[in-house]
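This briefing is for a reader who wants to look over the model with its annotations, its nonpolar packing and its charged pairing in view. The sequence and structure come next.

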Amino acid sequence: MHVSSICDQFPERLRRNHRHVLTFTLFTFFLLGLPLCTAAGIYWIILFEHFSATWPLIIIGFFEVMTVCWIYGVDNFLDNIKWMIGFYPPVYLLWKIFWKFFCPIILLALLSLVWLQHVPLQYNSFLYPRWSVVFGWTISLSPVIIILFMFFYQFSTVSGSFSKRLRELLCPTDDWGPALAVHRAELYPMQIPEAQKLMTPPTNRVYRNTT
């Protein structure tokens, strides 16, 4: 999954070098996993599990649900599913209700419970020192900080008023659609250069008589 995400982010450069990306990724994770194999490895595992596998994932899931269902649109998302599998998911209305209302509420409830039940981190009788707790909170906040940083970065690259910038960032790009050109021609014909030429009105040229 990590390798595919990296290659999809830079397809022109990395897809043809998929083997090298895979090797580099495996070697990096191998180095990161070495401290977990030491005598103190169990303490590192508990630290990562406590700070990275709880509320950061809930926050990311909440952002994803809100983005897909309320900004992109749950109807558009269900249309995308139909394009991929050939039909709408069973009980169409139930999926809309769950994704738009129940999922955000449940995620917020889980997030509240996680924060209310937060206790100082310890393993058996060992109480984690302050520096390790700070390191753990840094790990927890890093995904959220990256999301906010990318939002403000993209916001700063768009020109116009505040509402115009926000509207442009919340709308799909012009090339959004299926990856294959044959499918794109069926759903978004105006994204095909040949179709654009046919639909573009001819220019009013004045031809000079040279005779």
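## Briefing

Over residues 135-155 the chain is 100% helix and 0% strand, with the end C-alpha atoms 29 Å apart; helices here are DSSP runs of H or I of at least four residues and strands are runs of E of at least two, numbered from the N terminus. This is a predicted model, in which local features need pLDDT of at least 70 and side-chain atom pairs count only at pLDDT 80 or more, while totals for chains, interfaces and linings use all residues. Residues are numbered from 1 along each chain as its sequence is written, and side-chain values use heavy atoms, with hydrogens and water left out.

**Annotated spans**
- The unreviewed UniProt entry places "transmembrane region" at residues 21-47, 53-72, 93-115 and 135-155, in the numbering used here, with shortened feature names and annotations that may be inferred rather than shown by experiment.
- Residues 93-115 are 100% helix and 0% strand, and their end C-alpha atoms lie 33 Å apart.

**Nonpolar cores**
- The largest nonpolar core (buried Ala, Val, Leu, Ile, Met, Phe, Trp, Tyr and Cys residues joined through side-chain atoms within 4.5 Å; buried means under 20% relative accessible area, exposed over 50%, partly exposed in between, with a 1.4 Å probe and protein chains only) has twelve residues, including W55, I81, W99 and V144.
- Helix 5 (55-85) and helix 6 (92-116) each supply at least two residues of this core, and helix 5 gives the most, with eight.

**Salt bridge**
- D75 and K96 meet through their side chains in a salt bridge at 3.0 Å, N to O, the criterion being a side-chain nitrogen of Lys or Arg within 4 Å of a carboxyl oxygen of Asp or Glu.
- This pair joins D75 in helix 5 to K96 in helix 6, 21 residues apart.
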